[in-house]
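Colleague: Please show me the model, and let us then discuss how its copies are arranged.

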Protein chains: 2
Amino acid sequence: MGEPTPKTAGLIGGGLIGRGWMILFAVAGWNVRVFDANLDGEAPARASVRGNLAIMQEEGLIASAAEVEARIRFVPTLEAAVEGVDWVQESVFEDVEVKRQVYDAASALTEPEVVIGSSGGGIPPDDFTATASHRERCLIVHPFNPPHLVPVVELVRATWTSDQAIERAKAVMVELGRKPVVVNRAIMGFVLNRLQGVVIDEAIALVGDGIISPEDLDACMSHGLGRRWTFMGPFETMEMNSVGGFKEYATRYGPLYRQMMQVERPWTEATLDKIEAWRRAEYPEIDDITARRLWRDRTLIKLGKAIGATS
Amino acid sequence: MGEPTPKTAGLIGGGLIGRGWMILFAVAGWNVRVFDANLDGEAPARASVRGNLAIMQEEGLIASAAEVEARIRFVPTLEAAVEGVDWVQESVFEDVEVKRQVYDAASALTEPEVVIGSSGGGIPPDDFTATASHRERCLIVHPFNPPHLVPVVELVRATWTSDQAIERAKAVMVELGRKPVVVNRAIMGFVLNRLQGVVIDEAIALVGDGIISPEDLDACMSHGLGRRWTFMGPFETMEMNSVGGFKEYATRYGPLYRQMMQVERPWTEATLDKIEAWRRAEYPEIDDITARRLWRDRTLIKLGKAIGATS
């Protein structure tokens with residue numbers, strides 16, 4: 001019977017993001033084949049991966065960095081990287097023509113059910129997956145930097161991406177210890193960079209207007225908002241500060257928040273209800289929020305200790 | 001010689017925020033006198049403070065919850081709370097008239113150099129401190145929820161707040177283990193709630209537009225952006241993802257981020273230079289960023305462990 005046969009990932013591109021995928025797949029026990037168009041790219045990529053694996057071993061996340069690294073093999077052609085693999089991940093630079101060529105070639109060389117994920121953060125997937133064979137298994141699988149340490153991964157649908165492909169991608173990402181989220185349309189910036197973008201934009205405006213120094217602005221996040229947001233999203237955070245759940249908070253403080261904004265985008269009743277429904281599915285009784293607050297407080301204490309030990 | 005005489009804080013208001021201040025001052029070894037207009041407020045306030053102190057003792061943050069709690073005394077009048085104290089903290093509800101009365105009374109009963117801080121998050125301090133005696137020691141000292149566990153505190157200047165008062169407030173907040181930041185003008189929402197507001201607004205819009213589910217939106221923060229923002233602000237995060245520092249990143253990705261925004265507010269060269277100057281004061285050489293990235297990676301590992309142990 002023995003061990004199950006390890007699966008194989010074919011990675012196209014050995015830059016910063018590609019290296020993150022090497023680590024993630026190899027740590028999960030997959031064999032990894034890498035093709036980088038720059039054939040001199042192996043040495044710097046290996047050095048960087050080795051450095052990251054050493055830290056992970058030191059911190060007790062993996063038993064043997066050497067054993068993990070041994071699963072990563074560089075190959076001289078795209079064909080050798082993707083033939084017969086269980087997953088293809090494209091991490092080339094943001095050029096629609098190059099991406100299209102990778103998708104056309106990789107889709108011709110793999111079984112129809114193999115997901116071909118793109119690490120791209122900008123170009124809509126429709127623009128480079130239209131001519132791929134069995135294009136319904138194509139989607140964006142966008143990690144966040146550094147990919148091996150930030151859990152979230154955005155799964156962004158092309159117009160033709162099938163639900164089956166989304167489910168397969170979710171399963172593989174969970175196997176890799178990732179937290180997949182589904183983005184239904186490839187709007188500019190997807191979700192992560194839009195949320196990051198509004199913060200950066202407001203932050204720059206506040207410094208520009210002389211309201212606060214750059215240093216203190218950053219501290220507002222790292223010693224304030226970020227402490228909570230590292231384990232609760234904005235909606236759950238609102239609920240924690242409410243007396244009656246998310247919608248009660250949104251209704252009570254909505255007008256105040258809207259006055260701070262420079263554009264008026266209505267917070268519709270339907271949208272608030274959708275969010276409230278999710279919260280109540282998680283915590284049916286408002287009283288459950290009180291118990292959840294104790295969890296919040298303990299987590300804040302543990303985070304404070306973890307950060308205090310390193311900063 | 002013996003112990004130094006403990007200092008005394010006079011707290012006005014025993015609600016959620018007032019309780020946070022009771023904990024913070026008492027844990028730091030101060031004697032605490034509390035006046036709450038609701039004279040039946042002592043029992044629920046004590047029960048809540050006791051619950052929080054018990055968790056802190058369990059987690060090893062304090063040696064004896066009972067000893068800390070013994071420093072907190074409820075008194076029947078505002079006068080008894082503030083007479084002869086070293087710090088006054090007002091945490092009453094957001095009513096400009098009530099706040100003005102507290103400021104007028106407390107300022108008449110305390111030495112001119114005693115800071116009178118307001119926990120208020122909304123009303124500009126000019127509106128209720130104008131008639132206080134020695135109004136140059138009046139300012140907003142705005143904690144974030146839960147106050148005893150989130151380190152940041154916004155010090156918001158009134159028009160007449162002196163630099164000396166800001167420096168005294170900073171020193172006391174640092175003594176309490178807080179991270180004070182200075183907000184130079186009381187704009188709506190100050191800084192923390194403005195940053196929170198843009199995220200909430202974008203998050204509600206993304207759910208409303210059907211781009212993402214409420215659950216996945218929250219996960220984008222709690223498993224993505226928040227993991228970094230809990231120990232690095234937005235500016236340092238940008239720098240970490242740059243090849244040449246903050247300004248290189250802002251200049252390279254600025255146009256992309258601006259396309260996501262709905263309003264055009266210019267990112268001026270002068271503002272970018274101000275932020276870049278702070279980053280280079282912290283880390284003069286761009287090569288220093290590489291070393292800082294290793295610190296980032298180790299911190300992310302420790303946070304992941306701390307969160308994994310509780311979620």
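Colleague: Which residue of chain A comes closest to the rotation axis?

Modeller: This is a predicted model, in which local features need pLDDT of at least 70, side-chain atom pairs count only at pLDDT 80 or more, and totals for chains, interfaces and linings use all residues. Residues are numbered from 1 along each chain as its sequence is written, chains are lettered from A and ligands numbered from 1 in the order written, and side-chain values use heavy atoms, leaving out hydrogens and water. At a C-alpha distance of 2.7 Å, the residue of chain A closest to the axis is Gly226(A).

Colleague: What kind of axis relates the two copies?

Modeller: The copies are superposed by least squares on the C-alpha atoms of residues with pLDDT of at least 70 in both. A turn of 180 degrees with a shift of 0.0 Å along the axis lays chain A on chain B at an RMSD of 0.0 Å. The two are therefore related as by a two-fold rotation axis.

Colleague: Which strands stand at the edges of the sheet in chain B?

Modeller: Strands are DSSP runs of E, at least two residues, numbered from the N terminus, and two of them pair if DSSP finds at least two bridges between them. The open sheet of 8 strands has mixed pairing and the order β3-β2-β1-β4-β5-β6-β7-β8 (chain B). Each edge strand has a single partner, so one side of each is left without a neighbour in the sheet; these strands are β3 (72–74) and β8 (179–183) of chain B.

Colleague: What is the bridge partner of Gly10(B) in β4(B)?

Modeller: Strands β1 (residues 8–12) and β4 (residues 87–90) of chain B run parallel and are joined by 4 bridges. In β4(B), the partner of Gly10(B) is Val88(B).
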